[in-house]
Amino acid sequence: AAILAFFAYDIIRVWTGNSIIAQQVAPLVYILLVGTVLNGLMYLPYALQLAHGWTSIGLKISASLAVVLVPLIFVMTTNYGAFGAAFVWVIINSLYMVIGVLLTHRRLLQEERTEWVLRDIGAPLGAVMIVALIGKWILSNSTLSGMPYLIIGLPVLSISMFLAALLVASRLRSAIFLRVWTWHL
């Protein structure tokens, strides 16, 4: 997601061969991407709700947000066009994330709320963003452009972001280390 967020223009420009389309579409891609990332982050609390047999919470939140969704899409699209419609996706998923996480952790895994938000989500996200910003700066100032830029730079940057997230995700790092260590024994 971070690769697409930071390099949407470049990827779309190379894909379509048209810089004008890339300029017009890249901001929409970014907005939709933020909403999709929030939607993806909500998957784990939602799976926890389902695993616990607490299906009513997802239904209640979704029904409440659906009531807000229709008028919000109408108002935002009328006033701001495609950007307004795309931003509704961010608003709805932000609300779902905040409400869903708060209610989930109020009932399930109360002691994990702060750790989940800060350590399990915030730290890896921060590490990825720092590496992405550095990578964007390096690639923006490099002599590479077009297809070589994407073929060489973006996979290297993706691996770097993954490793940065892995380094700060202590539980994941420990689990991987334990698995690799026991595999070699």
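**Entry 1: ground rules and a first residue**

I count two residues as in contact when they have heavy atoms within 4.5 Å of each other. With that settled, I looked up Arg173 and left aside its neighbours within four places in sequence; Arg173 is then in contact with Leu166, Leu167 and Val168. I should add right away that I am working on a predicted model.

Arg173 sits in helix H7, which covers residues 170-184. Is Arg173 buried, partly exposed or exposed? Its relative accessibility is 36%, so I noted Arg173 as partly exposed. I also checked a distance across the model: Arg173 and Ile91 are 82 residues apart along the chain, and their C-alpha atoms are separated by 33 Å.

**Entry 2: stepping back to the whole chain**

Next I wanted the overall picture. I found seven helices and zero strands, so the order of elements from the N terminus reads α-α-α-α-α-α-α. The C-alpha atoms fill a box of roughly 60 × 55 × 20 Å along the principal axes.

I then looked at burial, and 30% of the 185 residues count as buried. For contacts with a separation of 6 or more, I noted that 69% come from residues 24 or more positions apart.

**Entry 3: the largest pocket**

How much space lies in the largest pocket? I read about 580 Å³. Its lining has 22 residues, and the closest to the pocket centre are Ala1, Val37, Leu125, Val128 and Met129.

I checked which helices supply the lining. H1 (2-16), H2 (19-41), H5 (113-140) and H6 (146-168) each give at least two residues to the lining of the largest pocket. By class, I have 21 nonpolar residues, no polar ones and one charged residue in that lining.

**Entry 4: the second largest pocket**

The second largest pocket has a volume of about 200 Å³. I listed its lining residues: Leu44, Pro45, Leu48, Thr104, His105, Leu109, Glu112, Trp116, Asp120, Ile121 and Arg171. H3 (43-51), H4 (56-107) and H5 each supply at least two residues of this lining. The class split here is six nonpolar, two polar and three charged.

I picked two lining residues, Leu48 and Thr104, for a closer look.

Thr104 lies in helix H4. I have Thr104 as buried, with a relative accessible area of 0%. Not counting residues up to four places away in sequence, Thr104 touches Pro45, Leu48, Gln49 and Trp54.

Leu48 lies in helix H3. Leu48 is partly exposed, at a relative accessible area of 26%. Which residues is Leu48 in contact with, once neighbours within four places in sequence are left aside? I found Thr104, Leu108 and Leu109. The pair Leu48 and Thr104 thus turns up in this list as well as in the one for Thr104. I also took one span from here: Leu48 and Ala85 are 37 residues apart in sequence and 30 Å apart in space, C-alpha to C-alpha.

**Entry 5: how H2 meets H3**

A reminder to myself: two packed helices are described by the angle between their axes and the distance between the axes. For H2 and H3, I read axes that come within 4 Å and cross at roughly 30 degrees. Are H2 and H3 roughly parallel or roughly antiparallel? Angles under 35 degrees count as roughly parallel, so I put H2 and H3 down as roughly parallel to each other.

On the H2 side, the contact is made by Asn39, Gly40 and Leu41. On the H3 side, Tyr43, Leu44 and Pro45 take part. I sorted the residues of this contact by class and got four nonpolar, two polar and no charged. Leu44 and Pro45 are names I had already met in the lining of the second largest pocket.

**Entry 6: two more residues of H4**

Asn93 lies in helix H4. Is Asn93 buried or exposed? With a relative accessible area of 4%, Asn93 is buried. Leaving out residues up to four places away in sequence, I see Asn93 touching Gly35, Leu38 and Asn39. Asn39 is also one of the H2 residues in the contact with H3.

My last stop was Ser56, also in helix H4. Ser56 counts as partly exposed, at 31% relative accessibility. Finally, I took the distance from Ser56 to Ile152: the two are 96 residues apart along the chain, with C-alpha atoms separated by 47 Å.

Notes:
Residues are numbered from 1 along each chain as its sequence is written. This is a predicted model: local features need pLDDT of at least 70, side-chain atom pairs count only at pLDDT 80 or more; totals for chains, interfaces and linings use all residues. Side-chain values use heavy atoms; hydrogens and water are left out. On a 1 Å grid over the protein atoms alone, a cavity is a set of points where a 1.4 Å probe fits but cannot get out, and a pocket is an open set with protein on both sides within 12 Å along at least five of seven lines; lining residues have an atom within 4 Å of a point. Grid points are joined across faces, edges and corners, and a volume is the space filled by probe spheres set on the points. Ala, Val, Leu, Ile, Met, Phe, Trp, Tyr, Cys and Pro count as nonpolar, Asp, Glu, Lys and Arg as charged, and the others, Gly among them, as polar. Axes are lines fitted to C-alpha atoms, for helices over the stretch in contact, and angles run from 0 to 180 degrees between N-to-C directions. Angles under 35 degrees count as roughly parallel, over 145 as roughly antiparallel, 65 to 115 as roughly perpendicular and the rest as oblique. Buried means under 20% relative accessible area, exposed over 50%, partly exposed in between (1.4 Å probe, protein chains only).
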